[in-house]
Amino acid sequence: MDVPELWSQIVRWLERYAPVTAAALRPPAQQPAFDELEAEFAVALPEELRALWNCCGGTDSDVLADVLPPFYTPYGAERAFAAWRDHRKNWTAQWERPACDYYAGSPGSSFHPLWIPVAGDGFADELVVDLRPGRLHGCVLEWEQETAQVLRPEWTGVSAMLADVRRALSQGVPAGHSYPTVTEDGRLDWQIR
């Protein structure tokens with residue numbers, strides 16, 4: 001199943017069972033300027049990431065919608081780029097030589113320029129797509145700001161992440177170590193067990 005279809009199924013599930021979360025999601029304001037983003041990131045964006053940003057505009061900047069487990073709100077392209085630029089400012093001293101292994105999916109203890117943020121928790125932790133070279137190119141990692149590290153891939157790619165979320169929502173099973181629940185006021189909430 002491709003990214004737009006997976007995203008559509010997730011949104012339809014949210015509209016039916018978690019309408020407050022669904023209402024927080026925005027379509028892209030316009031077609032993302034992928035050429036400009038690629039020039040700034042200095043890397044070609046994978047088709048899965050392009051497809052996500054073509055159908056998901058994230059949320060308003062002050063709104064959280066925990067669509068991705070365990071507590072991440074998806075970013076649209078503009079917000080992802082802003083988060084990446086913030087990392088570039090915060091990690092200036094290590095930007096050219098990050099404290100990370102060379103290959104995609106390997107650990108790191110400083111932010112790597114080839115990690116593209118795709119979702120955030122509203123504080124400083126994020127899900128990032130890892131565009132370093134290697135067989136796990138395009139995998140999704142969890143960046144933990146407080147410990148300044150990533151440990152291992154959470155998913156092999158954007159479509160694997162969305163497929164896991166769709167499966168968890170439709171079957172009531174865990175996505176990773178988180179179970180989907182819906183609060184009384186209609187918000188999706190992931191419970192860690």
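Me: Which residue, just after α3, takes a positive phi?

Reply: This is a predicted model, in which local features need pLDDT of at least 70, side-chain atom pairs count only at pLDDT 80 or more, and totals for chains, interfaces and linings use all residues. Residues are numbered from 1 along each chain as its sequence is written, and side-chain values use heavy atoms, with hydrogens and water left out. Helices (H or I, at least four residues) and strands (E, at least two) are DSSP runs numbered from the N terminus. Just after α3, a positive phi of about 60 degrees is taken by A42.

Me: Why are the buried residues of α3 on the same side?

Reply: In α3 (residues 34–41), F34, L37, E38 and F41 are buried (under 20% relative accessible area, 1.4 Å probe, protein chains only). The arc is taken from the directions from the helix axis to the C-beta atoms. These residues share a side of α3 because they cover an arc of only 100 degrees.

Me: Which residues are exposed on the other side of α3?

Reply: Exposed means over 50% relative accessible area. On the other side of α3, the exposed residues are D35, E36 and A39.

Me: Which residue in β7 stands opposite S178?

Reply: Strands β6 (residues 178–182) and β7 (residues 188–192) pair (DSSP finds at least two bridges) in the antiparallel sense over five bridges. They form a hairpin with five residues between them. Opposite S178 in β7 stands I192.
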